[in-house]
Protein chains: 2
Amino acid sequence: MSFYDAVVPAYLQMLNSLTGLLTKAEAYCEARKIEPAVLLGSRLYPDMLPLTKQVQLVCDHASRGCARLTHSEVPSTPDTETTFAELKQRLAKTVDYVKSFTPAQFEGADAKDVTFPVGAGRTMTLKGQQFLSAFSFPNFYFHAVTAHGILRHNGVEIGKRDFLGVS
Amino acid sequence: MSFYDAVVPAYLQMLNSLTGLLTKAEAYCEARKIEPAVLLGSRLYPDMLPLTKQVQLVCDHASRGCARLTHSEVPSTPDTETTFAELKQRLAKTVDYVKSFTPAQFEGADAKDVTFPVGAGRTMTLKGQQFLSAFSFPNFYFHAVTAHGILRHNGVEIGKRDFLGVS
């Protein structure tokens with residue numbers, strides 16, 4: 001197995017399953033006459049980020065993870081989405097972007113330095129494998145699972161199998 | 001980097017950060033005169049699992065992940081914990097267990113078959129890397145992030161930095 005196999009399929013699985021969660025959330029809003037903006041703006045606590053931002057961050061961590069690990073130009077995507085359809089488009093574009101990488105680009109990337117911003121003008125440098133394990137994956141899953149939690153907490157009929165993308 | 005580096009540090013980071021989250025949750029209960037059992041039994045939705053079970057499952061996915069990937073005997077731990085102290089003991093024991101593995105045990109494990117139960121008497125067989133990426137990590141992070149979400153939703157003053165274990 002190559003380092004590509006440790007990175008790309010993991011991102012793709014959640015990007016795709018999150019698309020499925022949003023499809024169910026959209027149908028739930030329609031069936032219950034819930035304004036989609038209400039669910040899209042829902043949070044687990046007032047100082048946490050709303051559903052829309054959680055999805056945008058999942059996309060960012062996947063695309064930037066691939067870019068940083070392969071020392072490609074890091075994409076910057078404006079957060080303009082305000083509907084389920086737009087968020088699903090962003091997920092679809094992120095899937096396309098992640099799929100555009102090749103195993104060759106990840107060759108040896110696990111042992112190469114990655115320097116990345118960690119807020120407040122600071123950067124951190126880790127080996128590729130450590131960047132993936134200690135920063136990218138925990139953040140990526142954090143926002144994906146929190147999105148699932150927001151939907152679940154609001155009564156959308158989904159479960160862990162939807163989160164895993166196996167149902 | 002070896003396959004060990006892709007597995008063990010990721011599990012340890014969250015097991016340790018979850019211990020920190022529980023310490024803050026325990027202090028929060030004391031300060032606010034909240035019965036710990038209330039927080040330990042909290043859920044994000046009635047058909048989701050309570051905090052205690054989320055923590056137990058984080059431990060199980062880490063310990064069983066290591067065991068299955070290295071073709072070691074898979075440990076089975078009874079879910080007997082009813083207090084923050086007991087849950088932190090379980091996390092500490094899981095940390096010790098995960099730390100007991102060596103890089104040599106993971107040598108070549110990414111490309112070896114892993115057969116594991118997926119419920120209802122069925123099993124699935126995947127290569128080690130796929131088992132890690134598609135099953136173990138998504139489940140492990142699912143329960144860790146959901147535990148964080150339950151605490152956050154109940155007002156415990158923690159944030160993503162606590163979840164990442166960097167604060």
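Colleague: Which helix of chain A holds A:Lys99?
Modeller: This is a predicted model. Residues 84–99 of chain A form a helix, and A:Lys99 lies in it. That helix is α4.

Colleague: Is A:Lys99 buried or exposed?
Modeller: Its relative accessibility is 52%. The cut-off for exposed is over 50%. So A:Lys99 counts as exposed.

Colleague: What distance separates the C-alpha atoms of A:Lys99 and A:Leu87?
Modeller: A:Lys99 and A:Leu87 are 12 residues apart along the chain. Their C-alpha atoms are separated by 18 Å.

Colleague: Where in chain A is A:His71, and what is its phi?
Modeller: A:His71 sits in the loop between α3 (51–69) and α4 of chain A. At 48% relative accessibility, it counts as partly exposed. A:His71 is not a glycine, yet its phi is positive, near 55 degrees.

Colleague: What span is expected for helix α1 of chain A, and what span does it reach?
Modeller: α1(A) covers residues 3–32, which makes 30 residues. At 1.5 Å a residue, 44 Å is expected. From first C-alpha to last, α1(A) reaches 44 Å.

Colleague: Which residue just after α1(A) takes a positive phi?
Modeller: The phi in question is about 55 degrees. The residue is A:Lys33.

Colleague: What follows α1 in chain B, and is that residue buried or exposed?
Modeller: α1(B) is followed by B:Lys33, with a positive phi near 55 degrees. B:Lys33 is in the loop between α1 and α2 (36–40) of chain B. Its relative accessibility is 74%, so B:Lys33 counts as exposed.

Colleague: How many bridges join β1 and β2 in chain A?
Modeller: β1(A) spans residues 113–117 and β2(A) spans 123–127. The two strands run antiparallel. A:Thr115 stands opposite A:Thr125, and A:Phe116 has A:Met124 as its bridge partner. The number of bridges is five.

Colleague: Which residues make up the covered face of β1(A)?
Modeller: β1(A) has two faces. A:Asp113, A:Thr115 and A:Pro117 form the uncovered one. The covered face is A:Val114 and A:Phe116.

Colleague: Which residue in the hairpin of chain A takes a positive phi?
Modeller: β1(A) and β2(A) have five residues between them. One residue of this hairpin has a positive phi near 95 degrees. That residue is A:Gly119.

Colleague: Which side chains of β1 in chain B are buried?
Modeller: Side chains alternate along β1(B), residues 113–117. B:Asp113, B:Thr115 and B:Pro117 point to one face and are not buried. Pointing to the other face, and buried, are B:Val114 and B:Phe116.

Colleague: Which residue of β2(B) stands opposite B:Asp113?
Modeller: β1(B) and β2(B) run antiparallel, joined by five bridges. They form a hairpin, with B:Gly119 in the turn at a positive phi of about 95 degrees. Opposite B:Asp113 stands B:Lys127.

Colleague: Where does helix α6 of chain B kink?
Modeller: α6(B) has 26 residues, 128–153, and reaches 35 Å, close to the 38 Å expected. The kink is about 35 degrees, shortly before the proline B:Pro138. It lies at B:Ser136.

Colleague: Why is α6(B) described as largely enclosed?
Modeller: The reason is a count of its residues. α6(B) is largely enclosed by the rest of the structure because, of its 26 residues, the number buried is 23.

Colleague: Is B:Ser63 buried or exposed?
Modeller: B:Ser63 is found in helix α3 (residues 51–69) of chain B. Leaving out residues up to four places away in sequence, it touches B:Pro75, B:Thr94 and B:Tyr97. Its relative accessibility is 7%, so B:Ser63 counts as buried.

Colleague: How many residues are in the largest nonpolar core?
Modeller: Residues with the most contacts inside this core include A:Tyr11, B:Tyr11 and B:Phe106. Beyond its neighbours within four places in sequence, B:Phe106 is in contact with residues including B:Phe3, B:Val7 and B:Leu69. The core has 108 residues.

Colleague: What area do chain B and chain A bury between them?
Modeller: 36 residues of chain B are in contact with 36 residues of chain A. In chain B, B:Met1, B:Phe142 and B:Arg152 lose the most area to chain A, together 20% of what that side buries. Carbon and sulfur atoms carry 62% of the buried area, which is about 3100 Å².

Methods. Residues numbered from 1 in each chain as written. Chains lettered and ligands numbered in written order. Predicted model: local features only at pLDDT ≥ 70, side-chain atom pairs only at ≥ 80, totals over all residues. Heavy atoms only, no water. Core = buried A, V, L, I, M, F, W, Y, C linked by side-chain atoms within 4.5 Å. Buried < 20%, exposed > 50% of the residue type's maximum accessible area, 1.4 Å probe, protein only. Contact = heavy atoms within 4.5 Å. Helix = DSSP H or I, 4+ residues; strand = E, 2+ residues; numbered from the N terminus. Pairing = 2+ DSSP bridges. Expected span 1.5 Å × (residues − 1). Bend = angle between axes of the 7 residues up to and from the residue. Buried area = accessible area lost by both parts, 1.4 Å probe.
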